[in-house]
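Biologist: I would like to go through this model feature by feature. Where should the reading begin?

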Amino acid sequence: MIFMATKIPKTTPLPGRTDGGDAVVLERQTLRTRPPQMHQVVLLNDDFTPMEFVVLVLQEFFNKDREAATQIMLKIHLEGKGVCGVFPRDIAATKVDQVLDASRHAGHPLQCIHEPIE
Ligand code: TYC
């Protein structure tokens with residue numbers, strides 16, 4: 001007599017619903033990813049940094065043309081601060097570092113920060 005040594009393997013139940021048989025229906029999960037928190041980079045006014053240097057910073061690090069850079073610089077000069085651009089947090093932090101490095105190398109006290117927006 002020949003015996004079949006083959007056993008039907010037991011399936012470990014997976015989390016989810018079974019349909020009564022062996023099939024397992026996993027519940028569909030909608031993955032909700034939030035868009036990255038954005039940060040604005042802000043330049044602060046001071047009494048010492050030359051206007052021309054601020055215009056160059058805005059052109060070099062924030063890709064502003066000369067006209068836009070001049071407008072932003074004047075706004076900062078008159079109102080105390082102004083937004084240079086909006087970026088994901090790590091890019092904003094890099095921009096701040098670049099501005100502060102360039103300013104310190106040139107011997108200017110220009111201040112630059114980044115802050116989350118809504
Ligand atoms: N207030 C500066 C001046 O009169 C110019 C200036 C503008 C400085 C913007 C900083 O973020 C700044 N020379």
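Modeller: Begin with a helix and what lies over it. This is a predicted model. The buried residues of helix 3 are covered by elements including strand 3, helix 1, strand 4 and strand 5.

Biologist: Which residues of helix 3 are buried?

Modeller: The buried set consists of Ala92, Lys95, Val96, Val99 and Ser103.

Biologist: Why do they line one face of the helix?

Modeller: Viewed down the axis of helix 3, the buried residues fall within an arc of 100 degrees, so they line one face. The general idea is periodicity: an α-helix has 3.6 residues a turn, so residues three or four places apart point the same way. On the face of helix 3 turned away from the buried side are the exposed residues Asp90 and His105.

Biologist: What span does helix 3 reach from its first C-alpha to its last?

Modeller: Its 18 residues reach 26 Å, close to the 26 Å expected at 1.5 Å a residue. After helix 3 comes glycine 107, with a positive phi near 80 degrees.

Biologist: Now the sheet. In what order do the strands come?

Modeller: Read a sheet by strand order, then by the sense of pairing. Here three strands form an open sheet in the order 4-3-5, with antiparallel pairing. Strand 4 (81–88) and strand 5 (111–116) are the edge strands, each pairing on one side only. On average, neighbouring strands of the sheet are turned by 25 degrees against each other, direction ignored.

Biologist: How many bridges join strand 3 and strand 4, and how many join strand 3 and strand 5?

Modeller: Strand 3 pairs with strand 4 over seven bridges, in the antiparallel sense. With strand 5 the pairing is also antiparallel, over six bridges. To fix the register, look at individual residues. Methionine 38 has proline 88 in strand 4 as its bridge partner. Towards strand 5, valine 41 has histidine 114 as its bridge partner, and valine 42 stands opposite isoleucine 113.

Biologist: Is strand 3 largely enclosed or open to the outside?

Modeller: Strand 3 is largely enclosed by the rest of the structure, because five of its seven residues are buried.

Biologist: Which helices lie across these strands?

Modeller: Take each helix with the strands under it, then the angle. Helix 2 (residues 66–79) lies across strand 3 and strand 4, and runs at about 125 degrees to strand 4. Helix 3 (residues 89–106) lies across strand 3, strand 4 and strand 5, and its angle to strand 5 is about 175 degrees.

Biologist: That leaves the loops. Where does threonine 49 lie, and is it buried or exposed?

Modeller: Threonine 49 belongs to the loop between strand 3 (38–44) and helix 1 (51–62). Threonine 49 has a relative accessible area of 11%, so it counts as buried, the cut-off being under 20%.

Biologist: What does threonine 49 touch?

Modeller: Not counting residues up to four places away in sequence, threonine 49 touches Val54, His108, Pro109 and Leu110. For Leu110 there is an atom pair to cite: a polar atom of the threonine 49 side chain lies 3.3 Å from the backbone nitrogen of leucine 110.

Biologist: And asparagine 63: is it buried or exposed?

Modeller: Asparagine 63 is exposed, at a relative accessible area of 67%. Asparagine 63 sits in the loop between helix 1 and helix 2. Its phi is near 55 degrees, a positive value in a residue other than glycine.

Notes:
Residues are numbered from 1 along each chain as its sequence is written. This is a predicted model: local features need pLDDT of at least 70, side-chain atom pairs count only at pLDDT 80 or more; totals for chains, interfaces and linings use all residues. Side-chain values use heavy atoms; hydrogens and water are left out. Helices (H or I, at least four residues) and strands (E, at least two) are DSSP runs, numbered from the N terminus. Buried means under 20% relative accessible area, exposed over 50%, partly exposed in between (1.4 Å probe, protein chains only). A polar contact is a pair of N or O atoms within 3.5 Å; within protein, one must be able to donate a hydrogen and the other to accept it, and residues adjacent in sequence count only if both atoms are side-chain atoms. Contact means heavy atoms within 4.5 Å. Two strands pair if DSSP finds at least two bridges between them. Axes are lines fitted to C-alpha atoms, for helices over the stretch in contact, and angles run from 0 to 180 degrees between N-to-C directions. The expected span of a helix is 1.5 Å times one less than its number of residues. The arc is that of the directions from the helix axis to the C-beta atoms.
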